[in-house]
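User: I'm new to this one and would like a close look at a single part: the charged side chains that pair up. Could you walk me through them and then show me what surrounds them?

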Amino acid sequence: MRKVAVLACFCLFTSCDWFTSKEEKTQELVNEEMRNINFNEVDKYPLFDNCDEMLDKEGQLECFQNTLLEQYTETLEDFEFQFVSDINTSIYVDFLVDYKGEISVLEVQRNQDIENQIPEFRTIITQSLKGLPPLSPALKRGVPVSSKFRIPIIVNSN
């Protein structure tokens with residue numbers, strides 16, 4: 001009888017989880033899952049129509065970057081910039097692809113030499129980025145998410 005009482009007490013003390021509600025267990029699982037998610041990475045990068053969805057993650061990023069730079073280069077080639085003095089620099093453009101696939105410019109790095117010689121440069125850069133073809137947004141766990149990118153624009157007047 002004593003063994004049964006000890007066994008019953010042991011089961012009672014170790015079975016506290018039996019009395020936890022389903023909501024508490026669910027919340028605990030959700031919290032654990034949230035701790036394991038890396039919010040700095042996406043599962044699938046934004047894609048233009050010409051990019052293959054079946055590519056691996058690195059292939060998607062490469063296709064996105066290459067298409068972006070090709071489109072950007074084509075757009076900028078339409079402008080004829082006149083430089084007074086030689087310039088050889090890189091300017092970084094930060095932009096956001098939102099969860100709808102729309103692009104918005106966050107920041108264009110300032111460069112005094114370029115601003116003095118081509119005052120409309122920032123506007124041209126912004127309009128060129130907004131004029132890109134439509135794309136599908138990045139995905140995180142199957143859900144469209146916003147993603148931030150930075151591209152360099154090399155300005156060389158030589």
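Analyst: Happy to. Keep in mind that this is a predicted model, so everything below is computed from it.

Let's get our bearings before zooming in. The protein chain has 158 residues, of which 29% are buried. Its secondary structure comes to five helices and seven strands, and along the sequence these run in the order α-α-β-α-β-β-α-α-β-β-β-β.

Now for the charged pairs. How many salt bridges does a search of the whole structure find? The count is three, and we can take them one by one.

Start with Lys140 and Asp43. Their closest N and O atoms are 3.9 Å apart, which still makes a salt bridge because the cut-off is 4 Å. Lys140 sits in strand E5 (residues 138-140), while Asp43 is in the loop between helix H2 (22-36) and strand E1 (47-48), so this pair ties together parts that are 97 residues apart in sequence. The two partners also differ in how covered they are. Lys140 has 16% relative accessibility and counts as buried, whereas Asp43, at 38%, counts as partly exposed. The buried label for Lys140 follows because anything under 20% is called buried.

While you're at this end of E5, have a look at Arg141. It lies in the loop between E5 and strand E6 (143-145). Its phi angle is near 55°, a positive value in a residue that isn't glycine.

The next pair is Asp94 with Arg150, whose side chains meet in a salt bridge at 2.7 Å, N to O. This one joins distant parts of the chain too: Asp94 belongs to strand E2 (residues 88-97) and Arg150 to strand E7 (residues 147-156), with their positions 56 residues apart in sequence. Is each partner buried or exposed? Asp94 is buried, with a relative accessible area of 7%, but Arg150 is exposed at 54%. The label for Arg150 fits because exposed means over 50%.

The remaining salt bridge is between Glu115 and Arg110, at 2.8 Å from N to O. Glu115 is partly exposed, with a relative accessible area of 22%. Arg110 counts as exposed, at 58% relative accessibility.

Some charges gather in another way. Glu70, Glu74, Glu77 and Asp78 form a negative surface patch. Residues in such a patch have no salt bridge, so you won't find these four among the pairs above. One of them, Glu74, is in helix H3 (residues 57-77), where its 49% relative accessibility makes it partly exposed.

H3 is a handy place to turn from the surface to the inside. The largest nonpolar core has 30 residues, and those touching the most other members are Phe95, Phe121, Ile125 and Leu129. E1, H3, E2, strand E3 (103-108), helix H5 (121-130) and E7 each supply at least two residues of this core. H3 gives the most, with five residues. That brings back some names from the charged pairs: E2, home of Asp94, and E7, home of Arg150, are both among the elements feeding the core.

A few more residues help fill in the picture around these elements. In H3 you'll also find Asn66, which is partly exposed with a relative accessible area of 38%. The C-alpha atoms of Asn66 and Cys51 are separated by 9.9 Å, and the two residues are 15 apart along the chain.

Next door in sequence to Asn66 is Thr67, and its C-alpha is 9.1 Å from that of Leu47, with their positions 20 residues apart along the chain. Leu47 lies in strand E1 and counts as buried, at 6% relative accessibility.

Over in helix H5 there is Thr126. Thr126 is buried, with a relative accessible area of 18%. Measuring C-alpha to C-alpha in the model, Thr126 and Glu107 are 9.0 Å apart, although 19 residues separate them in sequence.

To retrace the charged part on screen, begin with Lys140 and Asp43, move on to Asp94 and Arg150, and finish with Glu115 and Arg110. After that, the negative patch around Glu74 leads you onto H3, and H3 leads you into the core.

Technical notes
Residues numbered from 1 in each chain as written. Predicted model: local features only at pLDDT ≥ 70, side-chain atom pairs only at ≥ 80, totals over all residues. Heavy atoms only, no water. Helix = DSSP H or I, 4+ residues; strand = E, 2+ residues; numbered from the N terminus. Buried < 20%, exposed > 50% of the residue type's maximum accessible area, 1.4 Å probe, protein only. Patch = residues over 30% accessible without salt bridge, like charges linked within 9 Å, V, L, I, M, F, W, Y side chains within 5 Å. Areas by Shrake-Rupley, 256 points an atom, 1.4 Å probe, with all protein chains shown as cover. Lys, Arg positive; Asp, Glu negative; His and termini not counted. Charge placed at Lys NZ, Arg CZ, Asp CG, Glu CD. Core = buried A, V, L, I, M, F, W, Y, C linked by side-chain atoms within 4.5 Å.
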